[in-house]
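Colleague: I would like a close look at one part of this model. Please take the charged pairs and the strands that carry them.

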Amino acid sequence: MEYIRFRVWDNNLEEYFLWDDSVKFNSYHDLVEDGFTDAVVLEQYTGVSDANNVSIYMNDIVKLYDECYNSFGDPVTISKTGVIIFHSGAFWIKTTTGDEPLHAFYENTLVIGNIHQNGDLIEEN
């Protein structure tokens, strides 16, 4: 059984740390107690990895691709970029053409960045 994992983006330091990093966890706990929750963004692990076995977290930017054939029978790869979100009790890939369920496509995704460090990748849609 997979346990729930988190990573935390620190808006002040502009870096990630894992939830089990005890030094920064204490800092996060202090921030929450003091009401400074805008200083950090808590991101949950989705429970799945991409095609390269990279763990997929909320707010990751992924490239979703699908191999199919055109009307001439030639192989074609269709791809689009999206952000991992959570709604309606599930993780989704939010793209400009709509939301795709992550559980149906995770084997056809590649993590290419995250919204904090690579926001410009979202504009490529």
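Which side chain meets that of R7 in a salt bridge with an N to O distance of 2.5 Å?

Modeller: This is a predicted model, and what follows should be read as such. The side chain in question is that of D60, which meets R7 in a salt bridge at 2.5 Å, N to O. R7 lies in strand β1, whereas D60 belongs to strand β5 (residues 60-69), so the pair ties together parts that are 53 residues apart in sequence. R7 counts as buried because its relative accessibility is 11%, under the 20% cut-off. D60 is buried as well, with a relative accessible area of 2%.

R7 has another acidic partner, E43, and here the closest N and O atoms are 2.7 Å apart. E43 sits in strand β3 (residues 40-49) and R7 in strand β1 (residues 6-10), with their positions 36 residues apart in the chain, so to speak a link of distant parts. Like R7, E43 is buried.

The rule used here gives a count of three salt bridges. The remaining pair to describe is E100 with K80, whose closest N and O atoms are 3.1 Å apart. This pair, too, links distant parts of the chain: E100 is in strand β8 and K80 in strand β6, 20 residues apart. E100 is buried at a relative accessible area of 19%, because the cut-off for that class is under 20%. K80, at 28%, is partly exposed. As for the shared partners, R7, E43 and D60 are joined by their salt bridges into one network.

Several of these strands belong to an open sheet. Five strands form that sheet, in the order β8-β7-β6-β5-β9, with antiparallel pairing. Its edge strands are β8 (98-101) and β9 (109-114), each of which pairs on one side only. From one strand to the next the twist averages 40°. D60 is thus placed in the sheet through strand β5, a member of the five-strand order. E100 is in β8 and K80 in β6, and in the sheet order β7 stands between those two strands.

Strand β6 (residues 75-87) pairs with strand β7 (residues 90-95) in the antiparallel sense, over five bridges. Within this pairing, I84 stands opposite I93 of β7.

Technical notes: Residues are numbered from 1 along each chain as its sequence is written. This is a predicted model: local features need pLDDT of at least 70, side-chain atom pairs count only at pLDDT 80 or more; totals for chains, interfaces and linings use all residues. Side-chain values use heavy atoms; hydrogens and water are left out. Two strands pair if DSSP finds at least two bridges between them. Helices (H or I, at least four residues) and strands (E, at least two) are DSSP runs, numbered from the N terminus. Axes are lines fitted to C-alpha atoms, for helices over the stretch in contact, and angles run from 0 to 180 degrees between N-to-C directions. A salt bridge is a side-chain nitrogen of Lys or Arg within 4 Å of a carboxyl oxygen of Asp or Glu. Buried means under 20% relative accessible area, exposed over 50%, partly exposed in between (1.4 Å probe, protein chains only).
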